[in-house]
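Welcome to this short briefing on charged side chains and how they pair up. Have the sequence and the 3D view ready, and follow along from residue to residue.

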Amino acid sequence: MGKVVVVTSGKGGVGKTTSTAALGAAVAKTGKKVALVDFDVGLRNLDLIMGAERRVVFDLVNVIQGTAKLSQALIRDKRVDTLFLLPASQTRDKDALTEEGVGEVIDKLRSVFDYVFCDSPAGIERGAQLAMRFADEAVIVTNPEVSSVRDSDRIIGLLDARTMRAEQGEQIAKHVLVTRYDAGRAARGEMLSIDDVLEILSVPLLGIIPESQDVLRASNLGSPVTLSEPLNSAAKAYIEAARRLEGEELPVIVPFERKGFLDRLLGRRAA
Amino acid sequence: MAAGAGSLDRQLAGLFCRAAGAAGFECAEARPSEIAALVTELGTRGIRIYAIELEGASLGPELPPLLVGAKEATTDGLLPGRKGGQEVSGREGQAEGRAPDHRMEARTDAASVVRGKAGASKTDESEPQVSHYDSGTLMIKAPIRSGQAIMHPHGDVIVLGSVASGSEIVAAGSIHVYGTLRGRASAGALGNTSARIFCRRNEAELLSVDGWYITAEEMEGVSRGKPVQAFLDGEGLRVETLS
């Protein structure tokens, strides 16, 4: 039985979809069978980031409504053959999802794949609650800023109350993934520090992804950063986060600002 | 107050007459849908229902929690003429048991305006946790998250983690927080003037004891970020740092 991981956040634009793609690709590269499910029905972005937008024929809503088989809707990645994508519908909205339907699809995926990553829509509405409903684990994506952290806190509360596991009296494993971390700005106090984030959320840290242009570039090219540029710092951080997700114990190193010779000479005057 | 189905409007009218008089209300044979309508209606008028007393019924998650373990109180003095004829369902005791609940609302008037707006919409989604009847003290071993509401009408609440901003604790007794208190805390909510609030680090949005409250702005500088206790001292709430 595979593990169902929901990638979620309260606030939008923190990097859920990017993180889903990057983590999923990193896990799939180790040989595990991975399915990425886009729950953002109506907006649909995961297929873009995976570079599969032109290969979408059937989607999650088709499968739930029985107009397509799961095997028809799953898109195999061209780069990693253990990586699959179940896209969301662009034309329907979140009301097309039913709890029973989602449950059935997740159960089928769980029986075939080692990992099922569910890319949740932002917010706390029905769509997000359905995405987390059947999850075994949750990755809460947060930026080091107060609004994102507070919304994440709210989501953690929902994860502890509204998931199937929580309702059966079990705990859902939770991890925080801090994205878009800018060491320089954190040092200057313009961003929350990692300690602050963890103190507020009190959930174990999965990884810290540094702010990087490479992530954006990779997204625009339609390739998860862990596949296209596995050597840059953000990709490395995602790969390590994926290893931690698989249960490996790796220390998390907080990125620090690399200061050049001139910076040292001039001190922090520029700030 | 008792009324049959279909007379919600009349109930409401009567309800407002009596709200100041700290009355408990009883809807004979009310169905959950009617209760929901009543709660919504009250909500639009700025009154927030903390709990509902209803024997053997289950209410939807969008409704306030059921009040359990309410004690019979002697509200005869508070409600002159109450026994005079309106009794229909013979559940007088339960209705009276609700009285303190409403009294709290009347007293915390100013505070509940603050809470009513911020809190009411949040409790819709997160079901408020109501403790078991037999435990006097509610111990919560996990952090309290934004949007969660803890109601404990029987005694103290002890929180071992932090209380996030945007969350709320209402307790009949004292509140002890062994982490950072960032949300709202209301101790002595049923009229216990000797209740206190303790926390290891005070970043609270609102502290209130028996309806007397102090907001974050008023605490600015003096007690923020410090270990504090809040208690009633004569005619007002005092927030003192713990050494």
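Is A:K11 buried, partly exposed or exposed? A:K11 counts as partly exposed, because its relative accessibility is 25%, and partly exposed covers the range between under 20% and over 50%. Please keep in mind that this is a predicted model.

**The overall picture of chain A**

- Chain A is built with 14 helices and 8 strands.
- Of its 271 residues, 56% count as buried.
- Among the contacts in chain A with a separation of 6 or more, 75% are between residues 24 or more positions apart.
- The accessible surface of chain A is about 12200 Å², and carbon and sulfur atoms make up 50% of that surface.

**A:K11 and A:E145**

- Side chains of opposite charge can pair when their charged atoms come close.
- The structure has 27 salt bridges over all chains.
- One of them joins the side chains of A:K11 and A:E145, at 3.7 Å from N to O.
- This pair links distant parts of the chain, with the two positions 134 residues apart: A:K11 is in the loop between β1 (3–8) and α1 (16–29) of chain A, and A:E145 is in the loop between β6 (137–142) and α7 (146–162) of chain A.
- A:E145 also counts as partly exposed, because its relative accessibility is 31%.

**A:R133 and A:E167**

- Here the side chains of A:R133 and A:E167 meet in a salt bridge, at 3.0 Å from N to O.
- This pair, too, links distant parts of the chain: A:R133 belongs to helix α6 (residues 126–133) of chain A and A:E167 to helix α8 (residues 164–167) of chain A, 34 residues apart.
- A:R133 has a relative accessibility of 12%, so A:R133 counts as buried, the cut-off being under 20%.
- A:E167, with a relative accessibility of 48%, counts as partly exposed.

**A network in chain A**

- If you would like to look at a linked group, pick out A:D107, A:R110, A:D136, A:R165 and A:E170, which a network of salt bridges connects.

**B:R238 and B:E240**

- In chain B, the side chains of B:R238 and B:E240 form a salt bridge, at 2.2 Å from N to O.
- B:R238 is partly exposed, as its relative accessible area is 36%.
- B:E240 counts as partly exposed as well, with a relative accessibility of 29%.

Technical notes: Residues are numbered from 1 along each chain as its sequence is written. Chains are lettered from A and ligands numbered from 1 in the order in which they are written. This is a predicted model: local features need pLDDT of at least 70, side-chain atom pairs count only at pLDDT 80 or more; totals for chains, interfaces and linings use all residues. Side-chain values use heavy atoms; hydrogens and water are left out. Helices (H or I, at least four residues) and strands (E, at least two) are DSSP runs, numbered from the N terminus. Buried means under 20% relative accessible area, exposed over 50%, partly exposed in between (1.4 Å probe, protein chains only). Contact means heavy atoms within 4.5 Å. Accessible areas come from the Shrake-Rupley method with a 1.4 Å probe; for residues, only the protein chains shown count as cover. A salt bridge is a side-chain nitrogen of Lys or Arg within 4 Å of a carboxyl oxygen of Asp or Glu.
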